[in-house]
Amino acid sequence: MMLTTGFKGKIALVTGAASGIGLAVVQKFLAQGAEVVAVDLLGTGLKEKFANHDNIICLEQDITTEDAAYVIIDCAHRGFGGLDILVNNAGICVGQTFEETSDETWDRIMAVNVTAMFKITRRAVPLMKERGAGRIINIGSIMSEMAGPGLCAYGTSKHAVAGLTKSMAVDLGCYNITANYIQPGAIITGLSEEFFKDPEFRAYWTKKAPIGRLGEASDVANAIIFLASEAGEFISGAGLNVDGGAIINF
Ligand SMILES: NC(=O)c1ccc[n+]([C@@H]2O[C@H](COP(=O)([O-])OP(=O)(O)OC[C@H]3O[C@@H](n4cnc5c(N)ncnc54)[C@H](O)[C@@H]3O)[C@@H](O)[C@H]2O)c1
């Protein structure tokens, strides 16, 4: 079968689209002809970032509000008439050990990183079923399969992303919907820049990746594009490391 490149005629929805990995993947989808719904918090400059682009609807929305999933998916339905690709990318990280983690930190991280992913995807599936196919790409972390000091709630949430994605893959495959998750390693973005200001931390992660550098948002966006493309149509339930080899380098 001939593989076509490009996303002309496809509708993609990306959460956490104003910064880092989300911003990079929205730019790639637009460059390859997709229609895009970009979602991020009010005050992140989302609309200004894409002011000169056609084929995009920018929605300023906290993904954890009660009606968020409905509002977000309705936006794709009304705006573009459906949905083919969902990238659940928005995420937050708080550096706290098990003992330091407050109930509030725990609840907030779970709400953004896991519960919103579940609710938005549940609303998205009927639209994908109507189209006869769908791609769900969830952003986990190398912390989806390991633990790090001071990453109690974050690491737990990213393990949940792995489990949730596998459930999606098993239950939705019959509708020709695939679900995969990405495990980024050390990627320089708004979420991580504070951690990488520490030269020791930066040197550790640079050395741990056999490729010998920290990752960039575009490295992760390239993997998302691959999974969303025709080339990814038989991949489901997988976790893809995008970490320069760091996780397997004991
Ligand atoms: N940067 C890394 O090293 C790294 C490593 C592993 C995994 N990740 C994951 O990658 C994903 C993207 O992170 P990033 O590094 O690009 O970070 P980032 O902070 O640059 O981008 C995250 C975006 O999500 C948005 N967001 C946060 N809470 C939201 C909410 N409630 N509603 C709507 N939008 C919200 C933020 O406003 C921001 O624009 C996250 O899930 C993160 O856990 C990042």
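Visitor: How many of the residues of β2 are buried?
Guide: This is a predicted model. Strand β2 covers residues 35–40 and is mostly covered. Of its 6 residues, the number that are buried is 5.

Visitor: Which strand is joined to β1 by 5 bridges?
Guide: The partner of β1 runs parallel to it. Leu13 stands opposite Val37 of that partner, and Val14 stands opposite Ala38. The strand joined to β1 is β2.

Visitor: How many of the residues of strand β1 are buried?
Guide: Strand β1 comprises residues 11–15. On one side Ile11, Leu13 and Thr15 are buried, and on the other Ala12 and Val14 are buried, which leaves both faces covered. The strand is therefore largely enclosed by the rest of the structure, the buried count being 5 of 5.

Visitor: Is Asn88 buried or exposed?
Guide: Asn88 is found in strand β4, residues 85–88. A residue counts as buried under 20% relative accessible area. The relative accessibility of Asn88 is 3%, so its class is buried.

Visitor: Which residue of β1 is in contact with Asn88?
Guide: Leaving aside neighbours within four places in sequence, Asn88 is in contact with residues including Met117, Ile120, Thr121, Ile136, Ile137, Asn138 and Ile139. The list also holds a residue that lies on one side of β1 together with Ile11 and Leu13. That residue is Thr15.

Visitor: What separates the C-alpha atoms of Asn88 and Ala17?
Guide: Asn88 belongs to strand β4. Along the chain, Asn88 and Ala17 are 71 residues apart. In space, their C-alpha atoms are separated by 9.9 Å.

Visitor: Why is the protein said to be as compact as a globular protein of that length, and what is its radius of gyration?
Guide: The secondary structure comes to 8 helices and 9 strands. For 250 residues the globule rule gives 18 Å, and the protein has a value close to this, so it is as compact as a globular protein of that length. The C-alpha atoms fill a box of roughly 50 × 40 × 40 Å along the principal axes. The radius of gyration is 17 Å.

Visitor: What percentage of the contacts with a separation of 6 or more is between residues 24 or more positions apart?
Guide: Contact here means heavy atoms within 4.5 Å. Among the contacts in the protein with a separation of 6 or more, residues 24 or more positions apart account for 69%.

Visitor: How far apart are the mean positions of the positive and negative charges?
Guide: The protein carries 20 positive and 27 negative charges. A mean position is taken for each sign, and the distance between the two is 6 Å.

Methods:
Residues numbered from 1 in each chain as written. Predicted model: local features only at pLDDT ≥ 70, side-chain atom pairs only at ≥ 80, totals over all residues. Heavy atoms only, no water. Helix = DSSP H or I, 4+ residues; strand = E, 2+ residues; numbered from the N terminus. Rg over C-alpha atoms; globule rule 2.2 N^0.38 Å. Lys, Arg positive; Asp, Glu negative; His and termini not counted. Charge placed at Lys NZ, Arg CZ, Asp CG, Glu CD. Buried < 20%, exposed > 50% of the residue type's maximum accessible area, 1.4 Å probe, protein only. Pairing = 2+ DSSP bridges.
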